[in-house]
Amino acid sequence: MTDLSTAIGPLRLKNPVMAASSEATMTEEGIRACLDAGAGAVVAKSVNESPAGRRQLLIADYALLGPAGETVDWQRSSGDETLLCRSGLAPLDGWLTMLERTSRYARGLGSHVIGSITVAEPEPAARIARDMSPVVSAVELNIGAPHGREATAVRQITGAEMVKHYTRTVRAGLDVPLVVKLPAQAESPLELAAAARDAGADAVSMIGRFNGFWPDPVTSEPVLGSWGAVGGPGMLPVSLYWVSKTYAADRELPLIGTNGARNGMDVARFLLSGARAVELASAVLMRGPGVLSDCVRDLDTVLTEGGYARATDAVGAAVRRARSYADIPLGDEPPRPWENGRTAR
């Protein structure tokens, strides 16, 4: 067996598997179910100060896309589909009381509940974070929500100076660890990660979901009737790219990988790319909290078979073996795999 314990800055986790902020963590029942499934931490559904965030939840919609682009019934999901969705925020009324109850429950399981804020303006986000800090183990500041490109309820922050401003504003007066969740669509996620670190973030979560659009060729109608956000296994190589590059640039910055993990093997891929913990959202929505139990069990198997005594030993191992293009030895001629078994027409 592998010792799965890890740390996100000062926050110790019994394992690296986390439930991300999503509709699956929007209720006390949902958070408890993820904790009971063995998650090292659960990030509660995001809130902010804007009433428009709650209205946005009332117009939320969700679609699963199969390998041929067809919509898939949720009850028939394999867990490998792409999620296209339009989402909103949880209501603030009674939220802190619920977080306090679930945090107490989490402590009894050796786990954590993390509060989440999807930002609109920095000062209100800082006030909410301070209110959360007595009842949660950490606060995640989501500055990368894809819906920030489409809706007025939230903002997507893509410039380094603004990342510093939001991070500093929320960090001030906060006495629990602060995680900053970065956007996918930015000129340089590496630069944003460095900005968050310099402004006081204890850890960085990356990457947020991309924006997406999917028309039906038969009806000419877009799925969801609008633009949306994309999650699922197709995003995994992109997420691993930015995690690995950020790890290569700064091995001391604690990273949380997100967007694309479905199972223990994918969690291991994130660790090998430099993450110290991994958040799952789409997989939990599609397959339920039990996927977290499966991930913990399968991660132990994968790392044990890989010869790792501790999960932390796997962090960044693949990055340390990676070579730049300039260091790849030349072959006698370039490969042409597309020609295998094919004839010219």
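Let's start with a strand pair. Strand β5 and strand β7, residues 82-86, are joined by five bridges and run antiparallel. One note before I go on: this is a predicted model.

Stay with β5 for a moment. It covers residues 61-65, and two bridges join it to β6, again antiparallel. So which residues face each other? Let's take L64. In β7, its bridge partner is L83. In β6, L64 stands opposite V72. Next door, L65 has T71 as its bridge partner in β6.

What links β5 to β6 along the chain? The two strands form a hairpin, with five residues between them. Look at G69 in that turn: its phi is positive, about 85°.

Now zoom out to the whole sheet. Five strands make it up, in the order β6-β5-β7-β13-β12. The sheet is open, and the pairing is antiparallel. Which strands stand at the edges? They are β6, residues 71-72, and β12, residues 210-212. Each has a single partner strand, so one side of each has no neighbour in the sheet. As a general reminder, strands of a sheet pair through backbone hydrogen bonds.

L64 also takes us to a helix residue. M286 touches L64, along with W74, S77, G79 and E81, leaving out residues up to four places away in sequence. M286 sits in helix α9, residues 282-287. Is M286 buried or exposed? Buried, with a relative accessible area of 10%. The cut-off for buried is under 20%, so M286 qualifies. For scale, take M286 and D327. They are 41 residues apart in sequence, and their C-alpha atoms are 41 Å apart in space.

Next, the nonpolar cores. The largest has 77 residues. Those with the most contacts inside it are L99, M132, V139, L141, L280 and L292. Which helix gives the largest share? That is α10, residues 290-305, with six residues. Apart from this core lies another, of 12 residues. Among its members are M18, V43, A138 and I256.

Back to L99. Setting aside neighbours within four places in sequence, L99 is in contact with A44, V113, M132, V135 and V136.

M132 belongs to helix α4, residues 122-132. That helix packs against α5, residues 160-171. The angle is about 35°, and the axes are 8 Å apart. The crossing is right-handed. Who makes the contact? From α4, we have P122, E123, A125, A126 and A129. From α5, we have H165, Y166, T169 and V170. What is the character of that contact? Six of its residues are nonpolar, two are polar and one is charged.

Last stop: S205. Find it in strand β11, residues 203-206. Its relative accessibility is 0%, so S205 counts as buried. What does S205 touch? Beyond residues up to four places away in sequence, the list is E140, V179, V180, K181, L182, I256, T258 and E279. You heard I256 a minute ago: it is one of the residues of the 12-residue core.

To recap: β5 is joined to β7 by five bridges and to β6 by two. M286 is buried, and S205 is too. That's my tour. Over to you.

Conventions: Residues numbered from 1 in each chain as written. Predicted model: local features only at pLDDT ≥ 70, side-chain atom pairs only at ≥ 80, totals over all residues. Heavy atoms only, no water. Core = buried A, V, L, I, M, F, W, Y, C linked by side-chain atoms within 4.5 Å. Buried < 20%, exposed > 50% of the residue type's maximum accessible area, 1.4 Å probe, protein only. Helix = DSSP H or I, 4+ residues; strand = E, 2+ residues; numbered from the N terminus. Contact = heavy atoms within 4.5 Å. Pairing = 2+ DSSP bridges. Axes fitted to C-alpha atoms, helices over the stretch in contact; angles between N-to-C directions. Left-handed = near helix turned anticlockwise from the far one by under 90°. Nonpolar A, V, L, I, M, F, W, Y, C, P; charged D, E, K, R; others polar.
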